[in-house]
Every structure is written in C-alpha cells, then in structure tokens.
Amino acid sequence: MRLISKTLTTSITAAALLLSVGSASADKLDDVIDEGVLRCGVVLDFPPIGYRDSNNEPAGFDVDYCKDLAKALDVKFEILPLTWAERLPVIVTNRADVVFGATSDSLERAKTVGFTIPYAIYYAQAVVGAKSGIKTVEDMRNKKVAAAIGTVPEQEWLKLAKKWGVEGNYQGYQSENEVFLAVAQGKADAGITTNTTVLPITQQYDTVIAGPRMPWGTDYTSVVGKRTDVTWLNYLNLFITHQVRSGRYAELWGKYVGGEAPALVIPGVLY
Amino acid sequence: MDYNFHWRPVFKALPDLLQAALLTLEVAAISMILGVLIGLGLSLIRIHMKGPVMWLASIWVELARNTPALLQLFFFGFGLGAFGIHFSPYLIVLMGLTFNNAGYLAENFRGGFGAVPDTQIRAARSLGMTAFQTYTRIVIPQVLRIVYYPMTNQMVWAVLMSSLGMLVGFRELSGETQFFASRTFRIFEYFAVTAVIYYIIVKIILGASRLLAMRLFRY
Amino acid sequence: MQPTETFFSGFAPHDLWFLGEAALRTLWLSLLAISIGSMIGVVFGWLLSVSRIGGGFVLSPLLDIFRSVPLIIQLVLFYNFAPIIGLRLDAFDAGLIVLIVYTSANVAYVARGGIEAVSQPMRRAARSLGMTYWQDMRYVVWPIGLRAVFPAWVGVALGVMKDSALVSVLGYVELLKASQILITRTQETILILAIAGAFYFALSYPISLYAAHLEDRWNQ
C-alpha cells in the first residue's frame, strides 16, 4: 500500500515536472492544440479565394484551407477577417496563428514574418471599365488606376507609375471589393487584382471587363506564421503538401476558381 | 513581451509624414472657412425663411449632426459614385468635412444670433443703417465673438475628423501613415508617431486661437 | 471549365436581419461605453475640480491626450499595442476599452463644468446648514450641476454613439461595417447607406431634440 502511494506520488511529481517542462518549451503547434482553437486570418474581399456568401458567412478557397488545417489539428477554427494591410501585423502581434491570405513571399516581408512553401500561385491582372478603352498595360499610363493598400500590385504599379511619372493617378483603397466598386462606378478606369478574381468580378459587374496581364512576375503566395515559430512553419509546409497529395487542393481550386489547379512549383528551383 | 520595436523606418518617413500633416491642416482649414460661410447662410435661412428652402437647410443641419461623419464621407465617395458622380479623395474629404462643419456651426450661429437682442437691431436701423449694414457691422461681430470658442473646437474637430480620410484613400496624415505602415508592417510605431503629430497640431491651433482672441476681443 | 460556386448575390430580405443584428451591436457597444465611461468621467471631473495638483497637473494633461488625438488613431494604436503587452483582446473588447476611455475623458470636462457651475456661496450655505461634504455634493451640487451640463453630456453621449462606427476599422461588424460588407456584396450602395444613416438618425435626432427641449424648460 505504501509502495503504491509512493509510486503514485513519484509519478505524479514526474508528470507535473514533465508538464511544466513541456509548457516552458511549447511551440506554436502545441499552443494551438492545447487551446483547441486555430485562429486564421483571412481576407474576405478577394473572391473566390476569400469572400462572404449570401448569408454573409466567410467562404472561399482560403476559408476551406483554414477549416482543413483545423481538422488536421483536431481543433476548432476561428476566422478573423482582415484587410490586406493587416495580414502581417496580426501575426506580429499574435492576434492570429496563421494567415491564409494570398500573401506573396517577398524578401521584404520575410524580415517580419515567416513564410511556408507556396500554397497557391497567381499572376496580376487588371479589370477595366468597359468604356475605358484599355487593352494593354501601356494604355493604363494616363488612366486612373486603383489597387488595394498594402498589396504587391500596389507597390509594383507605383514603381511603374513612378517611371512614367503618373503616380498622381493612383487610387489606394482599403479593400479589393472597394477597388472593384470603384471600377464599376467609373471612379477608376482600371483596378489591379489577381487572375483568379477576374472571372467572378466581370460576371458580377456589366461595366467591368477583363484587362491586360500586368508586366511583373508570377505571384507565389505562402501561408504566413510567426517568423520564429519554425516548427509551426514546418507543420504548415507538410499540411500544404498533404493538401496536394490528397487531391484536396485540386478539388477546392476547381470548386472556387475553376479549371486545372496550377502545379505548385517554381521552375528551376529546388526547395 | 515578444515584440521588438522598430523606430528607424518611422523616423526615416518623418519628412513625408510632416508633409502630409500640412495637407491635413490645409483640408481642415478650407473646410472650416467654407463651413463658416455655409453655416452662417444655413442659420440665417433657418431663422428668417419658411417653406422648402428652410426645410432643406434644416435637413442639412440635422443630417450633419445626427449621422456618423464616416457615413457622410462614404456617401460623398461611393454613395455619389453610384450616380456616376466622381470626386478625388481630396474633394471627398473636403466636401464631407465642410458638410459636417457647416451643420454644427449653423447651430452655433443660431444660438449666437439668438443672443443678440432685437433692440440693438432696431436701434441700428433707426440710426439709418441698412439691413445689410446692421448685420455686417452690429450683429455678426457680436455673434462671431459668442461663437469664437465653439468655432475653435470645431476647427480642432475638423483636424481630428480629417483622419477618416485614410478610409477613403486620401493621403493626409493618417492616410500617409497607413500607407507607410502597410509597407513595413510596423503599425504601432507609425501610428504612435502620428498620434504625437496630431497632438502637437491641436495644441498649436488652440494656442493660436487664444492669441488671436486676445487681439480680437481686447475691448 | 467554370467554377461551381457563385460569389455575389443581390440584396435579400435576410440581409435586413444582418443589418439589424449589427445595429444591435452598435447599440450595445455604445450603451456600455457611454454608461461606464460616464461614471468614470464623473469621478475624473470631480478630481479635476477638487485637486489643483493631482487634477490640474497630472490628470488633466493625461485626459487631454484622448481629446487631441483622432479616435481612429487611438483605436488602431490600442488594438495593435494590446497584444504586444500580452493582452488577448478581440475587436469588441479593444474598441470598448478605447471608447470608454474616450468617453470618460470627454465627460470629465463636462462634469467639472457642472461642479463649477454651482456657485461657492450656495455651497457654503449648504455646508453652514450642517450638510456634510458628501451631502452637499449629493443634494446641492449634483442636481444643479446636472441641469447646467446635461445638454453637453447628451452631446458627448450622442457623439460616442456615432463615433462607435469607427470600431469598424478593427473589423468588428457593427452597423457601419455590416453596411460595407453588404455594399461590396450587393452594390446597393445608396439603399444600404440610407438604411444605416436612418438608423443612426432615428437614434440620435429624438434624443437631441429631447435634450434641447429639457434645456429650454430649465432655462425658463
């Protein structure tokens, strides 16, 4: 009897010790599993990747990715709607565990947050007003061009506009939806977005048609986590490969974007 | 605490922020001048006129005072845009602020006019002054004195309200701050510096207004 | 090949419900901020009126900051600062805290005005009748001061109600944010702006009319 109680005490002490050690060195992965909630930052004005359905509930490719990740971790999920400019700050200030937000993996941003391998690939394309007469990028030179604040298209366009000396014609909006509204209303002649968004937008607005592809490179976008949480980023990388291997990536791409899902490879690079 | 403050990029952007602060002051000041003129008109209409014109003036004043300023800005932006009427972000903010200032100032002026006794007006008219002269020489100087402090407050309010420009794409102080913050993702650092700039602007306005009052109201 | 989902839809009856829920959130947020902020503000106002050093030199400049920096900047700053010091606040909590502080700073000066509106001779008379300090505050200063500054307080309260729209920048789905969501989904810009505007107006206008009416009656 004494032996049993002694063994019990020892094992409880050992367990407590283990637990405390465990929590001291717990990484983000442990934190999320312990708390039972995955907090995903998602941009919801980016159809079909992130949007609100007719019941005003979050939906889209990124939202389903969040759900899939939560399922893999066996935790609940929380969707935190973000503007483009908030995608990195929510990670830095730990308001979200992960951001699914078509975030381009620029070296500048990588100074602030950690990136996974690419989970979706886009290129920048313009939507233009039906009466704007814009056919090529060159046509956009003296037109009013809109983009969302804090996006790669904004920065790339401003570089080009600076070269042309037409920065004054640029309009920055809080959200991509406002960009589309601006083009539809005629406040702007062109709005720069991603290829995946062009189809739903042109279907939605009679006054908006597909514009030229923008003259900058392919947009490799990554899932974002805290820079220092390397184990968490490793897990996210594995999650991305599993989404592809299980066919889920192709399925969701087909459901929301349509057509064949692009292969997640960077030509000529091994990573 | 798991956060490293980075102040260097903010100080590098400081000249641009100060430039944008001038734009803030400019739009606030112009909206104030227009607001005073329109506000005077609105209050006179509400005092002296009847019928549809008076109703329109009342609707202006009550809408300006009883709906959020941000909603008013949205109306001048995407709201008018729905009718195909487009203005630059600068004009959207200027019109929004003017609309709001005029509404609030009109109420202040109405109170001011009410405080000038009718006997003075009759006395002035009996001395042979025209109605216009009576207003510009007797009534309005007194009203301005009564509404001077509310007007100062409204100017401060206009500066603070212009920060909403960042939500309609206007690159005044807040918009410029947001623009920089969105590139370096250091939201806290940038907005902290901007808060200090606003504080200083407000103090300068209040100080200048006090000095001006000492000169204007010496008698 | 076309995608199998559709992404936009027109304005439907249940969207009115969505707006209504958001309006209730605006109402709840404002009610909490105004009531808690006013209580704290009255205490601050009393401190301002009684203590030259503590109130005038310490509290007053501190409260002044919240009246000299745009509310939207205060919201963005606090929302981004709280997690840095380890506070896990959602948009509602952060917005509410900022609105409470903002309200209390504005009410403090109104309350001080109210206390100072009661003349010194009257207060000395109350004390010489044998009233304690707190009895004097409760039965003389409170009723007279309240009448003097009630319209100003209503102004602050209605201002906070309208300014609660700014919490939308933190992503909290109150009335204005809900309107924005619906506008971008349905493009019924004017209709939705009008509904949202009508709600704020219907709340604010009668209260301001009533306050003006009270002021007139008390001034007679």
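Where in chain A does A:Pro48 lie? In this predicted model, A:Pro48 sits in the loop that runs between strand 1 (37–43) and strand 2 (51–52) of chain A. A cis peptide bond links A:Pro47 to A:Pro48, with omega at about 5°. Two asparagines of chain A also deserve a look. A:Asn56 is not a glycine, yet has a positive phi of about 65°. This residue is placed in the loop between strand 2 and strand 3 (58–59) of chain A, and A:Asn56 is buried, with 21 other C-beta atoms within 10 Å. A:Asn94, likewise not a glycine, has a positive phi of about 60°. The loop that holds A:Asn94 connects helix 4 (89–92) and strand 5 (98–104) of chain A. Here the surroundings are those of a partly exposed residue, since 17 other C-beta atoms lie within 10 Å of A:Asn94. As a reminder of the background, most residues other than glycine have a negative phi, and most peptide bonds are trans.

Stepping back to the whole of chain A, the chain is divided into domain 1 (26–122 + 221–256) and domain 2 (124–213). The C-alpha centres of domain 1 and domain 2 of chain A are 26 Å apart. Contact between the two involves 12 residues of domain 1 of chain A and 14 residues of domain 2 of chain A. On the domain 1 side of chain A that touches domain 2 of chain A, there are 8 nonpolar residues, 3 polar and 1 charged.

Chain C makes a pleasant contrast in subject, with a secondary structure of 8 helices and 0 strands. Read from the N terminus on, the elements of chain C follow the order α-α-α-α-α-α-α-α. The radius of gyration of chain C is 22 Å, well over the 17 Å given by the globule rule for 220 residues, so chain C is more spread out than a compact globule. Along the principal axes, the C-alpha atoms of chain C fill a box of roughly 90 × 45 × 25 Å. Among the 220 residues of chain C, 45% count as buried. Of the contacts in chain C with a separation of 6 or more, 77% are between residues 24 or more positions apart.

Chain C also meets chain B, where 30 residues of chain C are in contact with 27 residues of chain B. On the chain C side that touches chain B, at least two residues each come from helix 2 (52–68), helix 3 (71–81), helix 6 (133–163), helix 7 (175–186) and helix 8 (189–219) of chain C. Helix 8 of chain C gives the most to this side, with 10 residues. The side of chain C that touches chain B has 21 nonpolar, 7 polar and 2 charged residues. As for confidence in chain B, the average pLDDT is 92, and 98% of the residues score at least 70. Among the elements of chain B, the lowest mean pLDDT (87) belongs to helix 6 (residues 131–146) and the highest (96) to helix 2 (residues 52–66).

Finally, the nonpolar core. The largest nonpolar core has 193 residues, of which A:Val183, B:Leu70 and C:Leu75 touch the most other members. Helix 4 (residues 91–116) of chain C gives the most to this core, with 15 residues. Domain 1 (26–122 + 221–256) and domain 2 (124–213) of chain A each supply at least three residues to this core. Leaving aside residues up to four places away in sequence, C:Leu75 touches C:Gly95, C:Val98, C:Leu166, C:Val167, C:Val169 and C:Leu170.

Definitions and conventions
Residues are numbered from 1 along each chain as its sequence is written. Chains are lettered from A and ligands numbered from 1 in the order in which they are written. This is a predicted model: local features need pLDDT of at least 70, side-chain atom pairs count only at pLDDT 80 or more; totals for chains, interfaces and linings use all residues. Domain bounds come from an automatic or database domain assignment. Two residues are in contact if their C-beta atoms, placed from the backbone, lie within 7 Å. Ala, Val, Leu, Ile, Met, Phe, Trp, Tyr, Cys and Pro count as nonpolar, Asp, Glu, Lys and Arg as charged, and the others, Gly among them, as polar. pLDDT is the predictor's confidence in each residue, from 0 to 100. Helices (H or I, at least four residues) and strands (E, at least two) are DSSP runs, numbered from the N terminus. A nonpolar core is a set of buried Ala, Val, Leu, Ile, Met, Phe, Trp, Tyr and Cys residues joined through C-beta atoms within 7 Å. A residue is buried if 20 or more other C-beta atoms lie within 10 Å of its own, exposed if 12 or fewer, and partly exposed in between; C-beta atoms are placed from the backbone. The radius of gyration is taken over C-alpha atoms; the globule rule is 2.2 Å times the number of residues to the power 0.38.
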